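Biologist: I'd like to learn how to read a protein model. Could you walk me through one, feature by feature?

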Amino acid sequence: MFTSIFHSTEMVSYNAQDIFICTAASLILGLLIALIFQIEGESSKGFKLSLVVLPVLVQAVIMMVNGNLGTSVAVLGAFSLVRFRSQPGSSKEICGVFFAMAVGLATAMGCVAFAGMLTILVGIVLLLGSRIMGRMGKEEKMLRITIPENLDYTTVFDEILKAYTQKAQLLQVKTTNMGSMFELRYEVQMKRGINEKELLDQIRTRNGNLTVILGREMNSAAL
C-alpha cells in the first residue's frame with residue numbers, strides 16, 4: 001500500500017502520468033497542510049500559501065536531481081543561499097516547513113499513499129496537541145509600557161501586574177525619545193476572566209497616559 005508508484009527509486013525515467021499524479025498529490029496535500037494551520041489561526045497568509053506550494057517545489061527538485069551527484073550539490077548550494085537570506089521563524093512555522101518538505105519528498109519518491117497518511121497523522125497530532133496545550137495554560141503575551149525617566153520601573157507596576165496576571169517577567173528595558181523615557185517589555189500571562197482594558201487603564205494611571213501595547217509577539221518569518 002505504501003510502496004512507490006515507480007518501478008525503481010534510482011534514476012527513474014518519469015512519464016507524464018507519474019508526474020501528474022505526484023504533482024496533484026503534492027498540491028492537494030499542501031492545501032490540507034495549509035488548512036491545518038488555518039484552523040490554528042496563528043499564521044500569515046503568505047506562510048500558508050508557502051505551505052501549499054512547498055511540497056510541489058520539493059517534489060520538482062527531487063525529480064530533477066534524480067540521482068545526479070552534480071545537480072545534487074548545486075541544489076544544496078541554492079538551498080543554503082535561501083536559508084541565509086531568510087529570517088528565523090517561530091517553532092511552529094519551522095515545523096510547518098519541515099512538514100511540507102517531508103510530504104514533497106514522499107511524493108517525489110512516488111510514495112503517494114504514504115504522503116497522504118503522513119499528512120493526516122501529523123495534522124491530527126498538531127490539532128489535538130494545540131487544543132490540549134491550550135487547556136493546560138493561557139497564552140503568553142507581550143506587554144510594552146512607555147514611562148518617563150523619573151519613574152522607578154523596577155517596582156512601579158508590581159502591584160498592578162500581580163493583580164491582573166499569573167506571571168509577569170520583565171524581559172527588556174531600553175531608553176527612548178532621546179533618553180527622556182524608558183520602554184519596558186514584559187512577558188505576561190493573564191489571569192482567567194480578567195478584562196484586559198482594566199489592566200491597561202491601571203497602567204495608564206501610573207505611566208502618565210503614555211503608550212501601552214499588549215498583544216502577541218509578531219514574528220516576521222520571510223516565507
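Modeller: Sure. Let's start with what counts as a helix: helices are DSSP runs of at least four residues, numbered from the N terminus. Keep in mind that this is a predicted model.

Biologist: Then which residue follows H2, and what is the sign of its phi?

Modeller: That's Asn-66, and its phi is positive, near 50 degrees.

Biologist: How many helices and strands does the protein have?

Modeller: There are seven helices and four strands. Going along the sequence, you get the pattern α-α-α-α-α-β-α-β-β-α-β.

Biologist: Back to H2. How do I check the span of a helix against its number of residues?

Modeller: Use a rise of 1.5 Å a residue. H2 has 21 residues, so it should span 30 Å, and its end C-alpha atoms are 30 Å apart, which agrees.

Biologist: Where does H2 bend?

Modeller: At Val-53, by about 35 degrees. A proline, Pro-55, follows within four residues of that point.

Biologist: And how do I tell what is buried?

Modeller: You look at relative accessible area: under 20% is buried, over 50% is exposed, and partly exposed is in between. In H2, the buried residues include Phe-47, Leu-51, Val-52, Leu-54 and Pro-55. Lys-48 and Gln-59 are on that buried list too. For the protein as a whole, 31% of the 223 residues count as buried.

Biologist: What about the surface: how much of it belongs to carbon and sulfur atoms?

Modeller: The accessible surface comes to about 13900 Å², and 62% of that belongs to carbon and sulfur atoms.

Biologist: Now the inside. Which residues have the most contacts inside the largest nonpolar core?

Modeller: Those are Ile-33, Phe-37, Leu-51, Phe-99 and Val-103, in a core of 17 residues. The elements giving two or more residues to this core are helix H1 (16-40), helix H2 (45-65), helix H4 (91-108) and helix H5 (112-136). Apart from it lies another core, of 16 residues, among them Ile-145, Leu-161, Ile-203 and Val-212.

Biologist: Let's pick one residue. What does Ile-33 touch, leaving aside its neighbours within four places in sequence?

Modeller: Ile-33 is in contact with Leu-51, Phe-99, Ala-100, Val-103 and Thr-119. Across the protein, take the contacts with a separation of 6 or more: residues 24 or more positions apart account for 73% of them.

Biologist: Next, charges. How many salt bridges does the structure hold?

Modeller: Seven. To spot one, look for a side-chain nitrogen of Lys or Arg within 4 Å of a carboxyl oxygen of Asp or Glu. Lys-167 and Glu-187 meet this way, at 3.8 Å from N to O. That pair links distant parts of the chain, with Lys-167 in strand S2 and Glu-187 in strand S3, 20 residues apart. Glu-140 joins Lys-167 and Glu-187 in a network of salt bridges.

Biologist: Is Lys-167 buried, exposed or partly exposed?

Modeller: Its relative accessible area is 33%, so Lys-167 is partly exposed.

Biologist: Which salt bridges have both partners in helix H7?

Modeller: Lys-197 and Asp-201 form one, at 2.9 Å from N to O. They sit four residues apart in H7, about one turn of the helix. Asp-201 also meets Arg-204, at 3.0 Å, and those two are three residues apart.

Biologist: How open are these three side chains to the outside?

Modeller: Lys-197 counts as exposed at 54% relative accessibility. Asp-201 is partly exposed at 26%, and Arg-204 is partly exposed at 38%.

How values were computed: Residues numbered from 1 in each chain as written. Predicted model: local features only at pLDDT ≥ 70, side-chain atom pairs only at ≥ 80, totals over all residues. Heavy atoms only, no water. Buried < 20%, exposed > 50% of the residue type's maximum accessible area, 1.4 Å probe, protein only. Core = buried A, V, L, I, M, F, W, Y, C linked by side-chain atoms within 4.5 Å. Contact = heavy atoms within 4.5 Å. Areas by Shrake-Rupley, 256 points an atom, 1.4 Å probe, with all protein chains shown as cover. Expected span 1.5 Å × (residues − 1). Bend = angle between axes of the 7 residues up to and from the residue.
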